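Reader: I should like to learn how the features of a protein model are read from its coordinates. Could we proceed feature by feature, with the general idea before the particular case?

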Amino acid sequence: MNKAIEIARRGSNGLRTIAALMPVAASFSFASLGLAADWDSGPPGQPSSEYSQGPGVPCSIGAPIWAPPAVTAAELPWRSVWLGHFSGGRPYSDGYGHTLIDWRDEKFCFPERRQCQAWVRELRQDYHRPEGYWTCLLLR
């Protein structure tokens, strides 16, 4: 009998804890919606206009549920879809003499492999120190 009372006590404390954390969880779930509504020209960290010219569109695969929505390969009208993923950096100096890294990690979808490889080649010219990761992957 004492063991049942002990389990019931632990269970009621667990429910109180869950109830106390619900407002926190709700505020986190709505925080990303407010930030997404503030974006005029897409999410921060999108590539500059010099690299976004062309047939590629920003896309995502396997994004967490709290990430802003982005187009997926299933929604694109092309016969084949190539995912171009690029990450790499370039050093720059701030106003105080510190050397910092401008790091890019971007995913774009393309209708052709040739276009994806040209996009990667263009980014690698400017963002190759430190070396990152790049690929063109056929999704369908």
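Author: Let us begin with strand pairing. Two strands are said to pair if DSSP finds at least two bridges between them. Strands of a sheet pair through backbone hydrogen bonds, either parallel or antiparallel. In the present case, which is a predicted model, G89 has W103 of β3 as its bridge partner.

Reader: Over how many bridges do β2 and β3 pair, and in which sense?

Author: The two strands pair over 12 bridges, in the antiparallel sense. Another bridge partner in β3 is F110, which stands across from W82. The hairpin of β2 and β3 has 5 residues between the strands, and G97 there takes a positive phi near 85 degrees.

Reader: How many bridges join β2 to β4?

Author: There are 6 bridges between β2 and β4, and these strands run antiparallel. W82 is again a useful landmark, since L138 in β4 stands opposite this residue. W82 thus has F110 as its partner in β3 and L138 as its partner in β4.

Reader: In what order do the strands lie in the sheet?

Author: The order is β1-β3-β2-β4, in an open sheet of 4 strands with antiparallel pairing. β1 (57–58) and β4 are the edge strands, each pairing on one side only.

Reader: How is the order in the sheet to be set against the order of elements along the chain?

Author: One reads the elements from the N terminus on, which gives α-α-β-β-β-α-β. The chain has 3 helices and 4 strands. Contacts add a further view: of those with a separation of 6 or more, 66% are between residues 24 or more positions apart.

Reader: Let us turn to the interior. Which residues make up the largest nonpolar core?

Author: A nonpolar core is a set of buried residues of certain types joined through side-chain atoms within 4.5 Å. Here the largest has 10 residues: W82, F86, F108, F110, C116, W119, V120, L123, Y127 and C136. Two or more residues come from each of β2 (82–93), β3 (99–110) and α3 (113–126). The element that gives the most is α3, with 4 residues. A separate core of 6 residues lies apart from this one, and C59, L76, L83 and C109 are among its members.

Reader: Which residues does F110 contact beyond its neighbours within four places in sequence?

Author: F110 is in contact with P55, G56, W78, S80, V81, W82, G84, Q115, C116 and W119. Among these, W82 is also the bridge partner of F110, and W82, C116 and W119 belong with F110 to the largest core.

Reader: What share of the chain is buried?

Author: Buried residues are 21% of the 140 residues in the chain. The accessible surface of the chain comes to about 10000 Å², and carbon and sulfur atoms hold 59% of it.

Reader: How many salt bridges does the whole structure have?

Author: A salt bridge requires a side-chain nitrogen of Lys or Arg within 4 Å of a carboxyl oxygen of Asp or Glu. A search of the whole structure finds 4 of them. One of these joins the side chains of D102 and R90, at 3.5 Å from N to O. This pair links distant parts of the chain, with D102 in strand β3 and R90 in strand β2, 12 residues apart.

Reader: Why do D102 and R90 count as partly exposed?

Author: D102 counts as partly exposed because its relative accessibility is 23%. R90 does so because its relative accessibility is 31%.

Reader: Are R104 and E106 buried or exposed?

Author: Both R104 and E106 are buried. They form a salt bridge whose closest N and O atoms are 2.9 Å apart. A further salt bridge is that of E131 with R124, where the closest N and O atoms are 3.8 Å apart. E131 is partly exposed at 44% relative accessibility, as is R124 at 35%.

Reader: Finally, which residues make a nonpolar surface patch?

Author: I61, L137 and L139 make a patch of about 220 Å². L139 lies in the segment after β4 (133–138). Patch members need over 30% relative accessible area, and L139, which is partly exposed, has 31%.

Conventions. Residues are numbered from 1 along each chain as its sequence is written. This is a predicted model: local features need pLDDT of at least 70, side-chain atom pairs count only at pLDDT 80 or more; totals for chains, interfaces and linings use all residues. Side-chain values use heavy atoms; hydrogens and water are left out. Patches are made of residues with over 30% relative accessible area and no salt bridge: like charges are joined within 9 Å, nonpolar side chains (Val, Leu, Ile, Met, Phe, Trp, Tyr) within 5 Å. Accessible areas come from the Shrake-Rupley method with a 1.4 Å probe; for residues, only the protein chains shown count as cover. Buried means under 20% relative accessible area, exposed over 50%, partly exposed in between (1.4 Å probe, protein chains only). Contact means heavy atoms within 4.5 Å.
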